[in-house]
Amino acid sequence: MAGPDTIASFHDTQSAESAWSGGVSPYAVVPKKLGMWLFIVSDAITFACLIIAYSYIRMASPSWPRPFLIWPSIINATVMTVVLLTSSITVVMAVRASKVSQRGTTALWLMATMLGGILFDVLHIHEWLSLIGEGVRLFTNPWGPPLFGGSFFILTGLHMLHVTIGVVYLGVIAWGFKRLKFTADDVEISGLYWHFVDLVWMFLFPLVYLLSAKTI
Amino acid sequence: MEATVAHVHLEPKGTFLIVWGWLLGLTGLETFLAYQHLALKVMLVMLMTISIIKASLIISYFMHLRYERKSLAFTLMPALVFVIGMLFVLFPDSVRLLEMRPH
């Protein structure tokens, strides 16, 4: 009765069940990688809450400032986006190099990524200082809705904190990987964090900057 | 030694460079759209659609999720999308605030 097909599907079922019955990793990833994914999901929810709060305040306000001129603000933010996307491709290269145990090359790609993160921070702090110079504070600004400053500084500030932590994290991994203290898994997991920081900016850039661009 | 070599599987570098190119192109498109005189709601929908496409590219390729076992994506993504979706229940209240504001 049982032909070859039946036997094959029986074995498939068995292996699928055994994957969920303990003793085998059902996700086929190392535990700390699953840990990083769970952290990323929870951190994504934190950012989503802040973005929703920002959108709530903006929708509830009869007017909202659009102070960002194409030069310097929008060009600056676009360059920041390009820098962050480029730092994501350098981290991809670091992960690839780490998988074939090219320890020096991995450290170099990670340092290139760190440079991208530092450049992003410098450009962003420059933007912050220029807004502060125009009189924008957490609860006041020259253009009206008092929470414009609060929502801008908190959203972009939390993201900048993530970038800064990422730079330190990648530095520790680059240092440790070169000295055989960390494995290729650790490089990949730090890369996951960095890509997440990049991903969050893909939403902040249009919501905070482009939708507040001064078009006239 | 053989086992180590057998475990190393690298996706083609070109795939990641193409994804990077797309991400840069979509960023350029977003900046271009910001200067088209469109209604705010239309602009919001267009920009968020592009951002979701960019996020999907980053998650799938850079974060490698499409190369992982499906169970990982099915565990993580529906929960995230559900929670973010639930946050949208707040928006009718923001409209209420706007409408009830004394003129």
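**Group meeting: the cavity, the core and three backbone details**

The largest cavity has a volume of about 180 Å³, and I should say at once that what we are looking at is a predicted model. Of the 16 residues lining this largest cavity, the ones closest to its centre are A:Val92, A:Val95, A:Lys99, B:Phe62 and B:His64. By the rule applied here, the count comes to 1 cavity of 30 Å³ or more.

Which helices supply at least two residues each to that lining? From chain A they are helix H3 (70–99) and helix H6 (184–209), and from chain B it is helix H3 (40–62). If we sort the lining of the largest cavity by class, we find 8 nonpolar, 4 polar and 4 charged residues.

Let me stay with B:Phe62 for a moment. Leaving aside residues up to four places away in sequence, B:Phe62 touches A:Ser88, A:Ile89, A:Val92 and A:His195 in chain A, and in chain B it touches B:Phe16, B:Val19, B:Trp20, B:Leu23 and B:Leu57.

That brings me to the largest nonpolar core, which has 83 residues, and in which those with the most contacts inside the core are A:Trp37, A:Leu110, A:Trp201, A:Tyr209, B:Ile58, B:Phe62 and B:Met63. The elements giving two or more residues to this core are, in chain A, H2, H3, helix H4 (103–133), helix H5 (147–178) and H6, and, in chain B, helix H2 (13–34), H3 and H4. The largest share of the core, 17 residues, comes from H6(A).

Now to the backbone, where I would point to three places. The peptide bond from A:Trp71 to A:Pro72 is cis, with omega near 10°, and A:Pro72 lies in helix H3 of chain A.

The other two places concern phi. A:Ala28 is not a glycine, and yet it has a positive phi of about 55°; its place is in the loop between helix H1 (4–20) and helix H2 (31–60) of chain A. B:His64, also not a glycine, has a positive phi of about 70°, and its place is in the loop between H3 and helix H4 (70–87) of chain B.

Are these two residues buried or exposed, or somewhere in between? A:Ala28 has a relative accessible area of 45%, so it is partly exposed, whereas B:His64, at 17% relative accessibility, falls under the 20% cut-off and therefore counts as buried. B:His64 is also, as I said at the start, among the residues closest to the centre of the largest cavity.

Terms used
Residues numbered from 1 in each chain as written. Chains lettered and ligands numbered in written order. Predicted model: local features only at pLDDT ≥ 70, side-chain atom pairs only at ≥ 80, totals over all residues. Heavy atoms only, no water. 1 Å grid on protein atoms, 1.4 Å probe; cavity = no way out; pocket = protein on both sides within 12 Å on 5 of 7 lines; lining within 4 Å. Points joined across faces, edges and corners; volume = space filled by probe spheres on them. Helix = DSSP H or I, 4+ residues; strand = E, 2+ residues; numbered from the N terminus. Nonpolar A, V, L, I, M, F, W, Y, C, P; charged D, E, K, R; others polar. Buried < 20%, exposed > 50% of the residue type's maximum accessible area, 1.4 Å probe, protein only. Core = buried A, V, L, I, M, F, W, Y, C linked by side-chain atoms within 4.5 Å. Contact = heavy atoms within 4.5 Å.
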